[in-house]
Amino acid sequence: MINNPGPGKLIALEGLDGAGTTTQMGRLAEYLYRYQNISAWTTREPSEGPVGAQIRAALTKRLSMKKNALVALFAADRLDHLYSKNGVIDRLKQGQWVIMDRYYLSSFAYQALDMNHDEKGWLYKLHDYCIQPDITFFIDVPVKVSLTRIALNRGFHFELFETEDQLQRVRDQYHRAISGLRKNGENIHIIPGTQPAKDVQKNLVKRLKIFLSPDFLNQKEEERIWKWNVLRNIRQRAEEEINLTYVGSKDIPPLRLLTKPGGHQGLYQLVFLDNLATKYHVMAYFMKGKKSISSISVRAAAAGHKIQPKLEKICQAEFKPRLFP
Amino acid sequence: MSGQFIAIEGIDTSVLNGQAEKLAQYLRDNKEINVVVTREPSDGPIGAQLRLLQNERLEMHELAKAALALADRLDQLNRDGGILSDLQDGKYIISAGYLLSAFAYQSEIAPLEWLMDINNAYFCRWPDITVFIDTPMDSYLARRVKESGFESEEVDHDRTFFEQRRKSFLEVIKTLKKQGMEIATIENDNPTTIHNKFKKIIDQQLEESNQ
């Protein structure tokens with residue numbers, strides 16, 4: 001994947017059919033326009049282009065096509081969607097935000113089903129020239145909810161991937177793909193999608209506001225944090241074991257801290273959200289000029305909120321201060 | 001017994017199509033081999049879109065075109081009654097233009113390494129025999145003048161196109177040979193001479209397979 005050429009931001013909405021991605025795309029675009037004065041282009045995949053039309057014909061079984069050909073067709077449609085005149089990349093470069101209803105995470109879930117290691121490698125290679133989203137929201141719904149909503153919307157007209165057993169496997173595959181992409185540093189939030197649409201929207205907007213906050217370090221600045229294994233491990237375990245989402249870090253200015261003998265103390269504040277968008281902070285203190293973290297603590301982000309005990313346990317397990325010099 | 005997949009490659013597509021048909025007829029008449037002649041883009045639904053792109057009725061970035069060409073190739077290979085099924089039935093497949101042509105055209109924009117990775121042999125059946133018909137510029141331009149009815153100066157813009165394309169082909173051939181692929185080259189000559197050279201290559205291949 002390649003970085004967004006910007007300055008516009010790319011937001012991807014993902015989930016099983018019936019998760020509410022289309023609804024939330026509209027709501028997010030309206031929020032950005034009304035409250036952030038940001039104009040966003042909303043679009044979907046398969047795209048409205050000529051290749052998207054063929055994909056839809058294959059998905060609705062009007063066109064028969066073997067799996068590998070369909071996988072390549074999805075990749076062709078995606079690349080066309082990105083690189084065509086006035087497509088996604090053109091708009092991002094012009095400063096417009098783009099919100100996509102489905103992007104490559106859907107391919108890594110639906111199409112990776114039953115693929116072996118080599119086949120998955122090929123699938124990912126097809127996407128080498130796709131732009132990495134600035135933020136991805138995966139709206140997670142149980143399979144039964146997905147099937148009910150599909151039936152209500154389409155009158156029992158099921159597309160290619162919509163039996164209960166298959167959808168459960170797709171949902172599991174989504175989670176595996178998310179785990180893999182997060183390890184590569186992708187910003188992916190898992191949102192419970194069974195709540196009413198306005199509550200799901202509130203959750204998304206909360207996260208978007210954090211994303212828009214100017215206090216956070218950018219990707220390049222964050223590299224200083226990830227040089228410490230302990231912080232990388234904490235992030236990975238928090239995301240995988242207790243389903244927290246890392247949203248960004250702040251560099252707390254040293255003037256606000258007490259100066260210790262021998263040097264200044266620095267502080268990074270890592271911000272995590274749980275699936276209801278409750279914030280937790282991991283505070284990592286280090287002596288400037290030294291190569292190690294001196295202490296780590298976990299704080300709730302607001303008065304009255306509980307400290308996440310599991311996050312605390314992870315931090316304690318990962319940070320082992322040297323007792324003897 | 002499985003069939004053989006023969007790819008005839010080159011810049012001059014009318015020569016490729018003509019030679020594919022001649023070779024197919026030779027194998028049917030003299031070797032009693034069941035032969036299917038194919039081409040790219042295919043006659044399938046994805047091939048139809050690729051032809052619109054070739055005729056410039058449709059626009060698409062080269063990266064997207066490369067993935068679309070791959071989709072067409074996989075469809076032609078894997079569909080019921082497609083190339084793979086024919087090969088399993090013992091038929092010979094002769095393709096007028098295949099991977100070498102695709103890599104030569106697409107690598108002018110898309111990176112060759114990426115093209116080779118997405119068309120790797122695990123998914124895309126690579127040919128058993130690849131023959132490149134190398135057309136000298138003068139004979140190509142002379143044919144263009146004859147076909148188009150233009151004066152020779154008026155087809156001069158084709159010269160740049162031709163030079164670029166030939167350079168792409170030769171670079172791709174060099175890369176593929178380094179990776180161990182065998183590619184025979186035939187100098188473009190009169191159709192009968194080319195056909196005789198083809199027969200020699202195929203007869204030799206048949207002899208080696210029977211040993």
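Chain A of this predicted model has an average pLDDT of 86, and 88% of its residues score at least 70. The confidence varies along the chain: among the elements of chain A, strand E1 (residues 10-14) has the highest mean pLDDT, 97, whereas strand E9 (residues 293-300) of chain A has the lowest, 77.

Chain A is divided into two parts, domain 1 covering 10-212 and domain 2 covering 219-318. Where the two domains of chain A meet, the contact takes 12 residues from domain 1 and 12 residues from domain 2. On the side of domain 1 of chain A that touches domain 2, helix H8 (164-183), strand E5 (188-192) and helix H9 (197-212) each supply at least two residues. H9(A) gives the most to this side, with 5 residues. By residue class, the side of domain 1 of chain A that touches domain 2 of chain A divides into 5 nonpolar, 3 polar and 4 charged residues.

We turn next to the sheet of chain A. It is an open sheet of 5 strands with parallel pairing, and its order is E2-E3-E1-E4-E5. Strand E2 (40-44) and E5 of chain A are the edge strands, each of which pairs on one side only. On average, neighbouring strands of this sheet are turned by 20 degrees against each other, direction ignored. E1(A), the strand with the highest mean pLDDT among the elements of chain A, runs parallel to strand E4 (residues 135-140) of chain A and is joined to it by 4 bridges. In E4(A), Ile135(A) is the bridge partner of Ile11(A).

Helices pack on this sheet. Helix H1 (residues 21-36) of chain A touches E1, E2, strand E3 (97-101) and E4 of chain A, and the direction of H1 makes about 165 degrees with that of E3(A). H9(A) also packs on the sheet, where it touches E4 and E5 of chain A; the direction of H9(A) makes about 155 degrees with that of E5(A). H9(A) thus appears both in the packing on the sheet and in the contact between the domains, to which it gives 5 residues on the side of domain 1.

Chain B also has an open sheet of 5 strands, with the order E2-E3-E1-E4-E5 and parallel pairing. Its edge strands are strand E2 (35-39) and strand E5 (183-187) of chain B, each pairing on one side only. Direction ignored, neighbouring strands of the sheet in chain B are turned by 20 degrees against each other on average. Within the sheet, strand E1 (residues 5-10) and strand E3 (residues 92-96) of chain B pair in the parallel sense over 4 bridges. One residue of this pairing is Ile6(B), whose bridge partner in E3(B) is Ile94(B). Helix H1 (residues 13-31) of chain B packs on the sheet and touches E1, E2, E3 and strand E4 (129-134) of chain B; its direction makes about 165 degrees with that of E3(B). Helix H5 (residues 99-106) of chain B packs on the sheet as well, touching E1 and E4 of chain B, and its direction makes about 35 degrees with that of E1(B).

The last topic is the contact between the chains. Chain A and chain B contribute 22 residues each. On the side of chain A that touches chain B, the elements that give two or more residues are helix H2 (50-59), helix H3 (67-83) and helix H6 (117-125) of chain A. H3(A) provides the largest share, 9 residues. The residues on this side of chain A divide into 14 nonpolar, 3 polar and 5 charged.

How values were computed
Residues are numbered from 1 along each chain as its sequence is written. Chains are lettered from A and ligands numbered from 1 in the order in which they are written. This is a predicted model: local features need pLDDT of at least 70, side-chain atom pairs count only at pLDDT 80 or more; totals for chains, interfaces and linings use all residues. Two strands pair if DSSP finds at least two bridges between them. Axes are lines fitted to C-alpha atoms, for helices over the stretch in contact, and angles run from 0 to 180 degrees between N-to-C directions. Two residues are in contact if their C-beta atoms, placed from the backbone, lie within 7 Å. Ala, Val, Leu, Ile, Met, Phe, Trp, Tyr, Cys and Pro count as nonpolar, Asp, Glu, Lys and Arg as charged, and the others, Gly among them, as polar. Domain bounds come from an automatic or database domain assignment. pLDDT is the predictor's confidence in each residue, from 0 to 100.
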